[in-house]
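Colleague: I am new to this model and would like the labels explained. Please give the reasoning behind each one.

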Amino acid sequence: MAKPIRATPTLRGKEAKQFLKLMAKREKSPLSVIDKKLYANVDKHRKYFESFLN
């Protein structure tokens with residue numbers, strides 16, 4: 001049986017500003033080694049993943 005999904009927290013004030021700064025920093029940073037490997041693996045199996053879209 002699946003576990004229930006908890007409500008997504010609402011960020012406000014200082015907490016929201018910190019979150020936005022962190023996301024902006026991550027967007028600008030280069031991909032990590034793990035992210036590069038994940039991207040390469042997904043790209044390698046692109047046809048398989050695209051088969052679910054058609």
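**Labels and their reasons**

Colleague: Why does Phe49 count as partly exposed?
Modeller: Phe49 has 43% relative accessibility. Buried means under 20% relative accessible area, exposed over 50%, and partly exposed in between, with a 1.4 Å probe and protein chains only. The value for Phe49 falls in between, so partly exposed is the label.

Colleague: What kind of model is this, and how are values taken?
Modeller: The model is predicted: local features need pLDDT of at least 70, side-chain atom pairs count only at pLDDT 80 or more, and totals for chains, interfaces and linings use all residues. Residues are numbered from 1 along each chain as its sequence is written, and side-chain values use heavy atoms, leaving out hydrogens and water.

Colleague: How many aromatic pairs does a search of the whole structure find?
Modeller: Two aromatic pairs are found (rings of Phe, Tyr and Trp, the last by its six-membered ring, with centres within 6.5 Å). One is Tyr48 with Phe49, at 5.6 Å centre to centre and 65° between the planes. Planes under 30 degrees apart count as stacked, over 60 as edge-to-face and the rest as tilted, so this pair is edge-to-face.

Colleague: What makes the pair of Tyr48 and Phe52 edge-to-face?
Modeller: The planes of Tyr48 and Phe52 are 90° apart, and the centres 5.2 Å. That angle is over 60 degrees, therefore the label applies. Ring pairs thus link Tyr48, Phe49 and Phe52 into a cluster.

Colleague: Where is Phe52, and why is this residue called exposed?
Modeller: Phe52 lies in the segment after helix H3. Its relative accessible area is 57%, which is over 50%, so it is exposed.

Colleague: Which residues form the nonpolar patch on the surface?
Modeller: Leu38, Val42, Tyr48, Phe49 and Phe52 form it, with about 540 Å² of accessible area together (Shrake-Rupley method, 1.4 Å probe; for residues, only the protein chains shown count as cover). H2 and H3 (46-50) are the elements that give two or more residues to the patch. Patch residues have over 30% relative accessible area and no salt bridge; nonpolar side chains (Val, Leu, Ile, Met, Phe, Trp, Tyr) are joined within 5 Å, like charges within 9 Å.

Colleague: What makes the contact of Asp43 and Arg46 a salt bridge?
Modeller: Their side chains meet at 2.6 Å, N to O. The rule asks for a side-chain nitrogen of Lys or Arg within 4 Å of a carboxyl oxygen of Asp or Glu, so the contact qualifies. The count by this rule is one salt bridge. Asp43 is partly exposed at 36%, and Arg46 is partly exposed at 39%.

Colleague: How do you know that the length of H2 agrees with a helix?
Modeller: The expected span is 1.5 Å times one less than the number of residues. For the 12 residues of H2 (33-44) this gives 16 Å, and the end C-alpha atoms are 16 Å apart, which agrees. H2 is hardly covered, with zero buried residues.

Colleague: How many helices and strands does the chain have?
Modeller: There are three helices and zero strands (DSSP runs numbered from the N terminus: H or I, at least four residues; E, at least two).

Colleague: How does the radius of gyration of the chain compare with a compact globule?
Modeller: A compact globule of 54 residues would have a radius near 10 Å, but the chain has 17 Å. The radius is taken over C-alpha atoms, and the globule rule is 2.2 Å times the number of residues to the power 0.38. Of the 54 residues, 2% count as buried.
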